[in-house]
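Here are some notes on the model you sent. They are numbered so that you can check each point against the structure.

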Amino acid sequence: MKEATIKVLLVDDHEMVRIGLAAVLGTEEDIEVVGEASSGQEGIRLAQQYKPDVVLMDLVMEGMDGIETTRKLLQLHPDCKVIVLTSYIDDEKIYPVIEAGAFSYLLKTSRAAEIAQAIRAAVKGQSVLESQVASKLMNRFRQPKPAALPHEELTEREMEVLRLIASGKSNQDVADELFIGIKTVKFHVTNILAKLGVEDRTQAAIYAYKHGLVK
């Protein structure tokens with residue numbers, strides 16, 4: 001049984017790039033270029049019209065760049081796969097477009113066969129990353145994350161109690177304001193002191209002001 005044709009949309013503000021891509025992809029029996037856009041705005045419009053399976057997206061374009069285009073396009077068509085095809089491997093380009101939802105990242109120096117294979121892989125749910133891009137992403141994930149601040153471990157309710165304590169409220173005042181029992185307040189206060197690593201309510205209040213949790 002013959003596989004369904006993969007519908008591809010090209011978004012690039014260089015006409016010769018679009019012509020070249022359309023020509024090489026046109027030789028693939030299972031790939032059809034359904035549209036060509038010279039800007040991000042046009043790319044979003046054509047995506048709504050043709051509903052492509054894959055979009056080959058340039059990054060640097062006048063007006064709406066590839067990062068913003070990717071973000072808006074995927075909000076409208078979340079099932080579409082965006083493959084970045086660019087000349088840039090700068091951190092300020094790679095990370096934002098990946099966070100925007102780009103599925104694969106290739107350079108324009110890639111061979112035609114590599115681009116076609118990345119398109120086929122995308123519809124199967126398989127990402128393809130240019131080797132330098134993959135290395136950058138791996139190095140970024142290897143970097144240790146900064147340790148969480150103690151108050152980031154507090155629950156939403158515990159944070160409410162802490163703010164009230166810092167404003168000078170007694171346990172009974174806190175209970176009345178939050179419509180909870182006095183025992184529940186004491187339970188929250190005990191947890192707050194333990195999580196913040198402080199000994200009493202006064203130190204908890206000082207911590208809250210020091211870290212800008214209350215004004």
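**Notes on the predicted model**

1. Start with helix H2. Its buried residues are Gly40, Gly43, Ile44, Leu46 and Ala47. The parts that cover these buried residues include strand E1 (6-11), strand E2 and helix H3 (66-76). Just after H2 comes lysine 51, which has a positive phi, near 50 degrees. Keep in mind throughout that this is a predicted model.

2. H2 also carries a charged pair. Arginine 45 and glutamate 42 form a salt bridge, with their closest N and O atoms 3.7 Å apart. Both residues lie in H2 (residues 40-50), three residues apart, or about one turn of the helix. In general, an α-helix has 3.6 residues a turn, so residues three or four places apart point the same way. Are the two partners of this pair buried or partly exposed? Arginine 45 has a relative accessible area of 45% and is partly exposed. Glutamate 42, at 23%, is also partly exposed, because buried means under 20%.

3. Next, look at arginine 120. Its side chain meets that of glutamate 28 in a salt bridge, at 2.6 Å from N to O. Arginine 120 is in helix H5 (residues 112-123), while glutamate 28 is in the loop between helix H1 (15-25) and strand E2 (31-37), so the pair ties together parts that are 92 residues apart in sequence. Arginine 120 counts as buried, with 19% relative accessibility. Glutamate 28 has 24% and counts as partly exposed. The two values lie on either side of the cut-off, since buried means under 20%.

4. Which other residue forms a salt bridge with arginine 120? Aspartate 30 does, and the closest N and O atoms are 2.7 Å apart. This pair, too, links distant parts of the chain: aspartate 30 is in the loop between H1 and E2, arginine 120 is in helix H5, and 90 residues separate them. Both aspartate 30 and arginine 120 are buried.

5. The wider picture of charge can be put briefly. A search of the whole structure finds 13 salt bridges. Asp12, Asp58 and Lys108 are linked in a network of them. As a general point, side chains of opposite charge can pair when their charged atoms come close. The protein has 26 positive and 32 negative charges, and the mean positions of the two sets are 5 Å apart.

6. Histidine 188 deserves a separate look. This residue is found in helix H9 (residues 182-196). Histidine 188 is buried, with a relative accessible area of 12%. Leaving out residues up to four places away in sequence, histidine 188 touches Arg157, Glu158, Val161 and Ile180.

7. Now the protein as a whole. There are ten helices and five strands. The radius of gyration is 26 Å, well over the 17 Å that the globule rule gives for 215 residues, so the protein is more spread out than a compact globule. Along the principal axes, the C-alpha atoms fill a box of roughly 75 × 40 × 35 Å.

8. Last, burial, contacts and surface. Of the 215 residues, 42% count as buried. Among contacts between residues at least 6 apart in sequence, 63% join residues at least 24 apart. The accessible surface is about 12,300 Å², and 52% of that belongs to carbon and sulfur atoms.

Conventions: Residues numbered from 1 in each chain as written. Predicted model: local features only at pLDDT ≥ 70, side-chain atom pairs only at ≥ 80, totals over all residues. Heavy atoms only, no water. Helix = DSSP H or I, 4+ residues; strand = E, 2+ residues; numbered from the N terminus. Rg over C-alpha atoms; globule rule 2.2 N^0.38 Å. Buried < 20%, exposed > 50% of the residue type's maximum accessible area, 1.4 Å probe, protein only. Contact = heavy atoms within 4.5 Å. Areas by Shrake-Rupley, 256 points an atom, 1.4 Å probe, with all protein chains shown as cover. Lys, Arg positive; Asp, Glu negative; His and termini not counted. Charge placed at Lys NZ, Arg CZ, Asp CG, Glu CD. Salt bridge = Lys/Arg side-chain N within 4 Å of Asp/Glu carboxyl O.
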